[in-house]
Amino acid sequence: MNSVSATHPLDLSQGVQLVIGASGGVGLALVEHQLQQSGELEMIAAARRATSSSELADLKQRYPDRLSVVDVDITEEDSVESLSEFVGDKRLRLLINASGLLHDKSHSIWPEKRLEDITRHGFDSVMSVNAWGNALLLSMMTEKMDKTVPAIWAALSARVGSITDNRVGGWYSYRASKAALNQILKTASIECRRRYPHLIIAALHPGTTDSALSKPFQANVPTGKLFTPSFVAAQLMNVLSGLGPEQSGGFFAWDGQAIEY
Ligand SMILES: NC(=O)c1ccc[n+]([C@@H]2O[C@H](COP(=O)([O-])OP(=O)(O)OC[C@H]3O[C@@H](n4cnc5c(N)ncnc54)[C@H](OP(=O)(O)O)[C@@H]3O)[C@@H](O)[C@H]2O)c1
């Protein structure tokens with residue numbers, strides 16, 4: 001199996017960077033990791049309710065000049081348009097979409113165990129955030145990427161989105177949404193080879209990470225296999241900085257191993 005080579009690491013310690021889903025477990029850790037790593041980068045942290053996040057407000061106090069916080073709903077065109085206006089003339093060295101939806105009990109969304117559990121509402125909701133939201137971002141935000149240097153566009157996928165790797169079944173909507181996301185990223189990477197030759201597009205699997213998303217399913221995780229968000233953020237940044245243009249469109253796990261679609 002292919003894995004990431006770190007022979008020519010990309011410089012992801014500079015420029016303007018955007019993390020979406022920045023109020024979540026993985027997203028927040030990515031924002032903090034990047035701000036800690038380098039005093040030379042400017043970070044934009046976005047999520048649906050980013051400006052209500054106390055964790056992002058704390059980070060803003062620590063990095064008042066280098067962090068800005070903005071709300072975006074990636075499923076809504078008007079909202080992504082506002083994000084695009086917020087970025088303005090700046091060009092992004094790194095964009096990571098770490099948003100995602102697996103469950104939301106208050107809106108009757110829960111991963112299906114069997115065929116009879118599938119609902120139109122659950123399927124549409126999960127597809128909307130995990131697949132459509134990424135397609136909309138790519139459609140409206142790719143032009144914001146820096147064309148003059150190697151730049152990274154990454155989205156948090158999940159190993160369960162791999163059709164080849166599906167051994168235990170279940171979780172129809174989430175699996176389908178992540179498989180769709182992977183296809184969207186792969187397809188965009190082919191188009192961008194010509195239009196944005198320095199842009200590297202990647203799907204990432206973070207491993208099982210301690211967050212609100214994984215909380216209800218942590219009981220069966222073997223000891224040592226539940227990662228902290230800060231560990232995952234460092235691993236994912238290490239993976240991304242080892243990618244080259246020939247790996248654009250690939251799907252990579254937290255340890256750099258390529259995952260089959
Ligand atoms: N945790 C794991 O074990 C695990 C494993 C494999 C893959 N993943 C993937 O990794 C990513 C991050 O997961 P996580 O554990 O950090 O999840 P999380 O803690 O639940 O965070 C999810 C983030 O997504 C944002 N979000 C949801 N809907 C949105 C929308 N419509 N527009 C903008 N932002 C939206 C949330 O913002 P608000 O709170 O403001 O809505 C939040 O910031 C997800 O794509 C997930 O599928 C996670």
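Colleague: Which handedness does the β-α-β unit made by S5, helix H5 and S6 have?
Modeller: In this predicted model, strand S5 (residues 151-156) and S6 run parallel and are joined by 6 bridges. Within that pairing, Trp153 stands opposite Ile201 in S6. Helix H5 (residues 172-195) completes the unit with S5 and S6, and its hand is right-handed.

Colleague: And which hand does the crossover from S6 to S7 have?
Modeller: S6 also pairs with strand S7 (residues 250-253), again parallel, through 4 bridges. Ala202 stands opposite Gly250 in S7. The chain passes from S6 through helix H6 (residues 229-241) to S7, and this β-α-β crossover is left-handed.

Colleague: Nice! Why is S6 largely enclosed by the rest of the structure?
Modeller: Let's take its two sides in turn. Leu199, Ile201, Ala203 and His205 point one way, Ile200, Ala202 and Leu204 point the other way, and all are buried. That pattern fits the general rule that side chains in a regular strand alternate between the two faces of the sheet. Strand S6 (residues 199-205) is largely enclosed because the buried residues number 7 of the 7.

Colleague: Turning to the ligand, which element gives the largest share of the shell around it?
Modeller: The ligand is surrounded by 30 residues, with Gly24, Ser99, Gly100, Leu156 and Ser211 the closest. Two elements give two or more residues to this shell: helix H1 (25-37) and helix H4 (120-141). The largest share is 3 residues, and the element that provides it is H1.

Colleague: How many charged residues does the shell around the ligand have?
Modeller: Sorting the shell by class gives 14 polar and 13 nonpolar residues. The charged residues number 3.

Methods: Residues are numbered from 1 along each chain as its sequence is written. This is a predicted model: local features need pLDDT of at least 70, side-chain atom pairs count only at pLDDT 80 or more; totals for chains, interfaces and linings use all residues. A residue is near a molecule or strand if its C-beta atom, placed from the backbone, lies within 6 Å of it. Ala, Val, Leu, Ile, Met, Phe, Trp, Tyr, Cys and Pro count as nonpolar, Asp, Glu, Lys and Arg as charged, and the others, Gly among them, as polar. A residue is buried if 20 or more other C-beta atoms lie within 10 Å of its own, exposed if 12 or fewer, and partly exposed in between; C-beta atoms are placed from the backbone. Two strands pair if DSSP finds at least two bridges between them. A crossover is right-handed if, with the strands pointing away from the viewer, the path from the first strand over the helix to the second runs clockwise.
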